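Reader: I would like to learn how to read contacts between side chains. Could we work through some cases together?

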Amino acid sequence: MASDTRHPILVDTSSLIAVGNTDQWNVLKDAIRLTTTNVCQHELRNHVNSNTYPPEGSREHYLKRGSQRVLEQLNEESSPWSCVTVVPRPHGPDAGEQSLKQELSEHGSSCQIVSILDSAARRSIRRLIDHNGYEIDVVGPPYLLYILLDNDLISKAEFCEATVEMIRTEGWTGYEVVKNAWTSIPVDCADILDNEYDDVLPPG
């Protein structure tokens, strides 16, 4: 069972599902110490329980598979991942994001990185960080893959391929969303990926 230790990386539900579905999952799950909240864990359980037999390749199948992998990881005795309890517990469609804000409000000094993609949530969290004077970087889920590259656990080609796969599988399209996905990642994949990937590479 994941501990309640607070690691420097705080991750929301969507980011957990995104990394849960990456081809680099087996490397990532044991190499990175990260923390999520009991609210995000509850959202993951909902994805598993509400999609009993989703068709292969469907969005529901993707959500269930990623959620199952993450929940199994959180239940592993020796997992380097942790789950902290947020009180009072927020409810509603943005409960996971709200739980990250609550965690940061109370324990922001133990955090260095927040992984979340939603633009509105990122802006809100940045305001909270600035207000409290924390030194925290707000990044997209591909940054977790960059940590593997930065620690020589995967090659640059593997990083670039896994990142564009994540962006396309998630359906992150449009200038701002793609830009957010690549935030804080100092890697140029243009020399590895050909022109057909221009729509998922960071704006020049």
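Reader: Which residue forms a salt bridge with R168, and how far apart are the closest N and O atoms?

Author: Side chains of opposite charge can pair when their charged atoms come close. In this predicted model, the partner of R168 is D199, with 2.9 Å between the closest N and O atoms. R168 sits in helix α8 and D199 in the segment after α9, so this salt bridge ties together parts that are 31 residues apart in sequence.

Reader: Are R168 and D199 buried or exposed?

Author: Neither word fits. R168 has a relative accessible area of 37%, which makes it partly exposed. D199 is also partly exposed, at 49%. The label "exposed" needs a value over 50%.

Reader: How many salt bridges are there?

Author: The count is 5. One of them joins D191 and K156, whose closest N and O atoms are 3.3 Å apart. This pair links distant parts of the chain, with D191 in the segment after α9 and K156 in helix α8, 35 residues apart. D191 is exposed, with a relative accessible area of 58%, while K156 is partly exposed at 30%.

Reader: Which residue pairs with E170?

Author: R59 does, and the closest N and O atoms of that salt bridge are 3.3 Å apart. R59 belongs to helix α4 and E170 to helix α8 (residues 156–170), so the pair ties together parts that are 111 residues apart in sequence. R59 is partly exposed, at 39% relative accessible area. E170 is buried, at 13%.

Reader: Now the rings. How many aromatic pairs does a search of the whole structure find?

Author: It finds 4. To read such a pair, take the distance between ring centres and the angle between ring planes; an angle over 60 degrees counts as edge-to-face. W25 and W81 are an edge-to-face pair, with centres 5.5 Å apart and 90° between the planes. W25 lies in helix α2 and W81 in the loop between α4 and β3, so the pair ties together parts that are 56 residues apart in sequence. Both W25 and W81 are buried.

Reader: What are the distance and angle for the rings of Y143 and Y146?

Author: Their centres are 5.5 Å apart and their planes are at 50°, so this pair is tilted. Y143 and Y146 are 3 residues apart in helix α7 (residues 142–150), a separation of about one helical turn. Both are buried.

Reader: Which aromatic cluster includes Y143 and Y146?

Author: One that they form with F159 and W182.

How values were computed: Residues numbered from 1 in each chain as written. Predicted model: local features only at pLDDT ≥ 70, side-chain atom pairs only at ≥ 80, totals over all residues. Heavy atoms only, no water. Phe/Tyr/Trp six-rings, centres within 6.5 Å; stacked < 30°, edge-to-face > 60°. Helix = DSSP H or I, 4+ residues; strand = E, 2+ residues; numbered from the N terminus. Buried < 20%, exposed > 50% of the residue type's maximum accessible area, 1.4 Å probe, protein only. Salt bridge = Lys/Arg side-chain N within 4 Å of Asp/Glu carboxyl O.
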